[in-house]
Amino acid sequence: MKHLLSAGDLSRDEANLILDTAEEMRSLADRPIKKLPALRGRTVVNLFFEDSTRTRISFEAAAKRLSADVINFSAKGSSVSKGESLKDTALTLQAMGADGVVCRHGSSGAPHLLAKSGWMTGSVVNAGDGTHEHPTQALLDAFTMRRHLGSLDGRRITIVGDVLHSRVARSNVLLLSTLGAEVTVVAPPTLLPVDMTSWPCATSYDLDGALAKTDAVMMLRVQRERMNDAFFPSAREYTRRYGLDRYRMAQLPDEAIVLHPGPMNRGMEISADVADSTRSVIVEQVTNGVAIRMAVLYLLLSGSNEEEQTA
Amino acid sequence: MSPAQSAEQPELAQPLQRSGREVLDASDISRALTRIAHEILERNRGADPVVLLGIPTRGVPLAQRVSARIQAVEGQSVPTGSLDVTMYRDDIGLKPPRGLEHTDIPADGIDGKVVVLVDDVLFSGRTIRAALDALGDIGRPRAVQLAVLVDRGHRELPIRADYVGKNLPTSLAERVTVHLTEFDGEDAVLIADKGAK
């Protein structure tokens, strides 16, 4: 593995290697010294063209716990606001000797372009690109589910909400199906992509019908900033049909857990009492995010720079 | 892979074929571990301060076996765990990344304890150096001691073992392989020419 661009690029073995490595990384949180020397002397650049709280902080904490040097770059307040192109930004990073670049961009495919263009030689980690993919989010979701449910093989996972604009949904569907889970996507017809036949999952418009047979339910954020059209009549109607409240949660099996990638619109796709309930693992997802990102950075950056010595 | 590493860290995934001359058989290994257990008790005047930490992969079952023997002699269990040193190795940037092994530190920690590191083969000493660094990030033991099944010489660092199952003079052209029932279906220590695989 040189880059992590898409959850779909991961084989089952690679995904399990990342999850197992993250399991070891997570035990670090219980130690007095939360630091490992694995990436000493490596430089990781957080290249964020789009706003983010938890992903950027999580990558920063992960890189620092592995002793890497971290440079944070956000588009606001940088030369990008003066009109610098992605290419020139990449050339600058290359000239500064970045070993790894964590890229969040509003346009789908930007990390892919960084990785494949030859502008820079470092590893690229996709930290969310447009409405395309967010592989580390999918990995931390899978990791959280695995800690609660055991193996994901044959587990039934329901992803609910704004699938059309969600990079989290796409990455999760790809990764969870690789890991053997049965994924169902539930959304209003207007918030599903045009052609779902290529997605390795089932689709439904009816949340109540899906809940009783669900081991984990993932609520997606309604992304108002990407909605320039009327996708549903009103927020209240959306909540009524696709929001997870206490009554809907009661339909879930006893062991089922509730996930949300954050940031939450409380009262919209998830009610406050569900978000704060014992079934909710939303805060745990953030903790696990650091472990997963440590595992990804470790596996991408710790070894020699020579090309792919392992198959 | 450098010769030092191949001898100190046998690849787990590969089906190990039995090749080379057997220098220790199952009963030799058993006797050596029993003696090491007694030596640990003697040196530390009992089992009270002792924590055993095996270095993956083959140090871990060895630590458990020593622990079982101490328990049999003293009637008192010794905290036993494992310590992965992968991220503390000095060659980490020179080789392709590898997966981590499990680190399991006993619940009471290692502060003020006598930590006995357990490994299968002591060779260059670089694994032990990494282990000492790893311990430093976990706590401050009162003392650190080292138990190995085989000491094959050729140290590259000023490190020595406190408890040795068998001193095995070798040449650098030879390969020492430890087989344990937990991984390989038999207990044996083999020595072979590096070419003969």
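In chain A, 78% of the contacts between residues at least 6 apart in sequence join residues at least 24 apart. That figure, like everything below, comes from a predicted model. Chain A is built from eleven helices and nine strands, and its C-alpha trace covers about 55 × 45 × 35 Å along the principal axes. A compact globule of 311 residues would be expected to have a radius of gyration near 19 Å, and chain A, at 19 Å, agrees with that. Buried residues make up 47% of the 311 in this chain.

Chain A splits into two domains: domain 1 takes in 7–134 + 287–301, while domain 2 runs over 135–285. Their centres, taken over C-alpha atoms, sit 25 Å apart. Where the two meet, 25 residues of domain 1 of chain A are in contact with 24 residues of domain 2 of chain A. On the domain 1 side, the elements that put in two or more residues are helix H1 (12–26), strand E4 (123–129) and helix H11 (282–301) of chain A. H11(A) supplies the largest share of that side, with six residues. By type, the domain 1 side breaks down into ten nonpolar, ten polar and five charged residues.

Next comes helix H5 of chain A, which spans residues 135–149. Its 15 residues, at 1.5 Å a residue, should stretch over 21 Å, and the end C-alpha atoms turn out to be 20 Å apart, so the helix agrees with expectation. Is there much of H5(A) on show, or what keeps it enclosed? Twelve of its 15 residues are buried, so the rest of the structure largely encloses this helix. The buried set starts with A:Pro135, A:Thr136, A:Gln137 and A:Ala138, carries on through A:Leu139, A:Leu140, A:Asp141 and A:Ala142, and takes in A:Phe143, A:Thr144, A:Met145 and A:Arg146 as well. The cover over these residues includes H1, E4 and H11 of chain A, the elements already met on the domain 1 side of the domain contact. Also included in the cover are helix H6 (167–178), strand E8 (216–219) and strand E9 (257–259) of chain A. Right after H5(A) comes A:Gly150, with a positive phi near 80°.

A:Ser166 is worth a look too. This serine lies in the loop between strand E5 (156–160) and H6 of chain A. Despite its place in a loop, A:Ser166 is buried, with 28 other C-beta atoms within 10 Å, against a cut-off of 20 or more. Leaving aside residues up to four places away in sequence, A:Ser166 touches A:Thr131 and A:Leu220. A:Gly128 is 38 residues away from A:Ser166 in sequence, yet the C-alpha to C-alpha distance is 9.8 Å.

Turning to the pairing of chains, the contact draws 16 residues from chain B and 19 residues from chain A. The chain B side of that contact consists of eight nonpolar, five polar and three charged residues. Chain B also carries an annotation: an unreviewed UniProt entry lists residues 115–127 as "short sequence motif: PRPP-binding". In the model, that stretch of chain B is 15% helix and 62% strand, with its end C-alpha atoms 16 Å apart.

Key. Residues are numbered from 1 along each chain as its sequence is written. Chains are lettered from A and ligands numbered from 1 in the order in which they are written. This is a predicted model: local features need pLDDT of at least 70, side-chain atom pairs count only at pLDDT 80 or more; totals for chains, interfaces and linings use all residues. Domain bounds come from an automatic or database domain assignment. Two residues are in contact if their C-beta atoms, placed from the backbone, lie within 7 Å. Helices (H or I, at least four residues) and strands (E, at least two) are DSSP runs, numbered from the N terminus. Ala, Val, Leu, Ile, Met, Phe, Trp, Tyr, Cys and Pro count as nonpolar, Asp, Glu, Lys and Arg as charged, and the others, Gly among them, as polar. UniProt positions are given in the numbering used here, feature names are shortened, and annotations may be inferred rather than shown by experiment. The expected span of a helix is 1.5 Å times one less than its number of residues. The radius of gyration is taken over C-alpha atoms; the globule rule is 2.2 Å times the number of residues to the power 0.38.
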